[in-house]
Amino acid sequence: KKSSSSSWFSSIDVEVEIKVPAKFNLDINTAGGDIKCGGITGKAELNTSGGDIWADKFSGILDASTSGGDVLLFCKDTKINGETSGGYIKLEYEGENKGIDLSTSVGDIDIILSNDFAASIELSTSVGDVSCSLNMTNIKKSSGSKLAGDLNGGGEKLSAHTSGGDITVSEK
């Protein structure tokens, strides 16, 4: 109990830690807390209404969604759908591209890839800048706020969109 002036239930902080096998499917939802997972191979649906999402050493299929927090992903060989309404997205990725879709309403998106990552990329922002330091070919759109083309001959789609922020793709 934090304070005697408020009701007992409104002043409790709860942290839950669950240990699972390395190959495991997750379906985690919270109304207002952070979600952290690490060292998992499988399918994960991580949803929170008001916290950050952090996935480290994840492989498989990942769907991460928060209404008011940041999304921090460190993945390998993973199909990813990551979104937040009011936060920052950071993705460090290695391995084969299985398809990546990232979006935020207000916040930056930073994507860090190996130099041999193959993808057809589409980056766009309504208010901000987009940049890619990796070698692109077959550039279809290029402006300060939109960029589309291929990395290493193309491949699965890597899509990133923010309404109010910058998008940066750089080499690991």
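Partly exposed, as used below, describes a residue whose relative accessible area lies between the limits for buried, under 20%, and exposed, over 50%. The exercises concern a predicted model.

**Exercise 1. Determine the exposure class of glycine 95 and describe its surroundings.**

Solution.
Step 1. Place the residue: glycine 95 sits in the loop between β6 and β7 (100-106).
Step 2. Apply the limits: the relative accessibility of glycine 95 is 37%, so this residue counts as partly exposed.
Step 3. List its contacts. Beyond its neighbours within four places in sequence, glycine 95 contacts Lys76, Asp77 and Phe117.
Step 4. Check a C-alpha distance. Between glycine 95 and cysteine 75 it is 8.5 Å, although 20 residues of sequence lie between the two positions as a separation along the chain.

**Exercise 2. State the secondary structure content and overall dimensions of the chain.**

Solution.
Step 1. Count the elements: there are 14 strands and zero helices. Read from the N terminus, the order is therefore β-β-β-β-β-β-β-β-β-β-β-β-β-β.
Step 2. Take the extents. The C-alpha trace spans about 65 × 40 × 20 Å along its principal axes.
Step 3. Add the burial and surface figures. Of the 172 residues, 37% count as buried. The exposed area of the chain is about 9,100 Å², with carbon and sulfur atoms supplying 47% of it.
Step 4. Consider contacts in sequence terms: among those with a separation of 6 or more, 31% link residues 24 or more positions apart.
Step 5. Turn to charge. The chain carries 16 positive and 25 negative side chains, and 4 Å separates the centres of the two sets.

**Exercise 3. Trace the strand pairing from β1 through β3 to β4.**

Solution.
Step 1. Begin with β1 (residues 26-30), which runs parallel to β3 (residues 41-48) and is joined to it by five bridges. Within this pairing, leucine 26 has alanine 44 in β3 as its bridge partner.
Step 2. Continue from β3 to β4, a parallel pairing over eight bridges. Here lysine 43 is matched with isoleucine 61 in β4.
Step 3. Combine the two steps: β3 pairs with β1 and also with β4.

**Exercise 4. Explain why strand β8 is described as largely enclosed, and identify its pairing partners.**

Solution.
Step 1. Examine burial. Four of the five residues of β8 (residues 109-113) are buried, so the rest of the structure largely encloses this strand.
Step 2. Take the pairing with β6 (residues 89-94): four bridges join it to β8, and the two run parallel. Isoleucine 111 in β8 is the bridge partner of leucine 91.
Step 3. Take the pairing with β14 (residues 167-171), which is parallel to β8 and joined to it by five bridges. In this pairing, isoleucine 112 stands opposite serine 170 of β14.
Step 4. Look at leucine 113. Leaving out neighbours within four places in sequence, its contacts include Tyr93, Leu134, Leu151 and Leu158, and also Val169, Ser170, Glu171 and Lys172.

**Exercise 5. Which residues touch the most other members of the largest nonpolar core?**

Solution.
Step 1. Set the size of the core, which has 37 residues.
Step 2. Name the residues with the most contacts to other members: Leu73, Leu102, Ile111, Leu113, Leu123 and Leu158.
Step 3. Find the element that gives the most to this core. It is strand β4 (residues 53-66), with five residues.
Step 4. Put the core in context: nonpolar side chains tend to be buried together in soluble globular proteins.

**Exercise 6. Compare the settings of lysine 57, asparagine 138 and methionine 136.**

Solution.
Step 1. Lysine 57 belongs to strand β4. Its phi is near 55°, which is positive in a residue other than glycine. With a relative accessible area of 64%, lysine 57 is exposed.
Step 2. Asparagine 138, in strand β11 (residues 136-142), also is not a glycine and has a positive phi of about 50°. Its relative accessible area is 48%, so asparagine 138 is partly exposed.
Step 3. As background, most residues other than glycine have a negative phi.
Step 4. Methionine 136 is likewise in β11, but is buried at 13% relative accessible area. Not counting residues up to four places away in sequence, methionine 136 touches Ile121, Leu147, Ala148, Gly149, Asp150 and Leu151. Its C-alpha atom is 9.7 Å from that of alanine 119, 17 residues apart along the chain.

How values were computed:
Residues numbered from 1 in each chain as written. Predicted model: local features only at pLDDT ≥ 70, side-chain atom pairs only at ≥ 80, totals over all residues. Heavy atoms only, no water. Core = buried A, V, L, I, M, F, W, Y, C linked by side-chain atoms within 4.5 Å. Buried < 20%, exposed > 50% of the residue type's maximum accessible area, 1.4 Å probe, protein only. Contact = heavy atoms within 4.5 Å. Pairing = 2+ DSSP bridges. Areas by Shrake-Rupley, 256 points an atom, 1.4 Å probe, with all protein chains shown as cover. Lys, Arg positive; Asp, Glu negative; His and termini not counted. Charge placed at Lys NZ, Arg CZ, Asp CG, Glu CD.
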